[in-house]
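Here is a short report for a reader meeting this structure for the first time. Please keep the view open while reading.

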Amino acid sequence: MYYYTHMDIAPKGPQAARLRQRKFQRLRQFPIPPDLLPGSLSLTHRRCGQPTCHCAADKKGHPVWSLTFMAGGKKRVERIPPEWVEEVQHRVEAGREFKEAVAEVFAANAQLLALWRKQQGR
Ligand SMILES: [Zn+2]
């Protein structure tokens, strides 16, 4: 079932104007990004186990990049091939910015609601 209640939240004043301006600035900035990634990218080092490999004598071992993220309520770690790291890093950073933008829009909406209620004296 679909229904829509139109609620015209339109508080006035400089704080409301600021919140609204920020909100639409953010909305323009982020339409619907299709390729963003969650989580964080990290670098660890691991020995491969080959006795003849240079890493057997190294302190660190081979660099291994991983993307750690939540999916279906579970923490997952995915190895990222070195040649993908730059692109994945971009997408993770963009994903973080997007989440922050969404949170800011939601918070602005809630603050606008609060201002509107106060201004309406309800
Ligand atoms: Zn090795």
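R76 is partly exposed, because its relative accessibility is 41% and the partly exposed class runs from 20% to 50%. The model is predicted. The side chain of R76 meets that of E78 in a salt bridge, 3.4 Å from N to O. E78 counts as partly exposed too, at 35% relative accessibility.

**Salt bridges**

How many salt bridges does the structure hold? There are three. Side chains of opposite charge can pair when their charged atoms come close. The table sets out the pairs.

| Pair | N to O distance | Relative accessible area, first residue | Relative accessible area, second residue |
|---|---|---|---|
| R22 and E104 | 2.8 Å | R22, 32% | E104, 32% |
| R76 and E78 | 3.4 Å | R76, 41% | E78, 35% |
| E87 and R91 | 2.8 Å | E87, 40% | R91, 30% |

Take R22 and E104, whose side chains meet in a salt bridge. R22 belongs to helix α1 and E104 to helix α2, so the pair ties together parts that are 82 residues apart in sequence. R22 is partly exposed. E104 is partly exposed as well.

Now take E87 and R91, whose side chains also form a salt bridge. Both sit in helix α2, four residues apart, and about one helical turn separates them. An α-helix has 3.6 residues a turn, so residues three or four places apart point the same way. E87 is partly exposed, and R91 is partly exposed.

**Helix α2**

Helix α2 covers residues 85-120, which is 36 residues. At 1.5 Å a residue, the helix should span 52 Å. Its end C-alpha atoms are 52 Å apart, so the expected span and the model agree.

Which residues of α2 are buried? They are V85, V88, V92, G95, A101, V105, A108, L112, L115 and W116. What do these buried residues pack against? Their partners are α1, β1, β2 and β3, the last spanning residues 74-80. Just after α2 comes G121, with a positive phi of about 65°.

**K23 in helix α1**

Helix α1 spans residues 14-29, and K23 lies in it. Is K23 buried or exposed? K23 is buried, because its relative accessible area of 17% is under the 20% cut-off. Setting aside neighbours within four places in sequence, K23 is in contact with V105, A108 and N109. Among these, V105 and A108 are buried residues of α2.

**The zinc site**

Which residues coordinate the zinc ion? The donors are C48 (SG), C53 (SG), C55 (SG) and H62 (NE2), at 1.9 to 2.4 Å. The angles among the four donor atoms run from 102 to 118°, and the site is tetrahedral. Ideal angles at a metal are 109.5 degrees for four tetrahedral donors.

In sequence, the donor residues follow the spacing C-x4-C-x1-C-x6-H. C48 sits in the loop between β1 (40-46) and β2 (62-71), while H62 is in strand β2. These two residues are 14 residues apart, and the pair links distant parts of the chain. C48 is partly exposed, with a relative accessible area of 44%. H62 also counts as partly exposed, at 25% relative accessibility.

Notes
Residues are numbered from 1 along each chain as its sequence is written. This is a predicted model: local features need pLDDT of at least 70, side-chain atom pairs count only at pLDDT 80 or more; totals for chains, interfaces and linings use all residues. Side-chain values use heavy atoms; hydrogens and water are left out. Donors are N, O and S atoms within 2.8 Å of the metal (3.2 Å for Na, K and Ca); water is not among the atoms, so sites may look incomplete. Four donors count as tetrahedral if all angles lie between 85 and 135 degrees; four count as square planar and six as octahedral if opposite donors are over 155 degrees apart and all others between 65 and 115; anything else is irregular. Buried means under 20% relative accessible area, exposed over 50%, partly exposed in between (1.4 Å probe, protein chains only). Contact means heavy atoms within 4.5 Å. The expected span of a helix is 1.5 Å times one less than its number of residues. A salt bridge is a side-chain nitrogen of Lys or Arg within 4 Å of a carboxyl oxygen of Asp or Glu.
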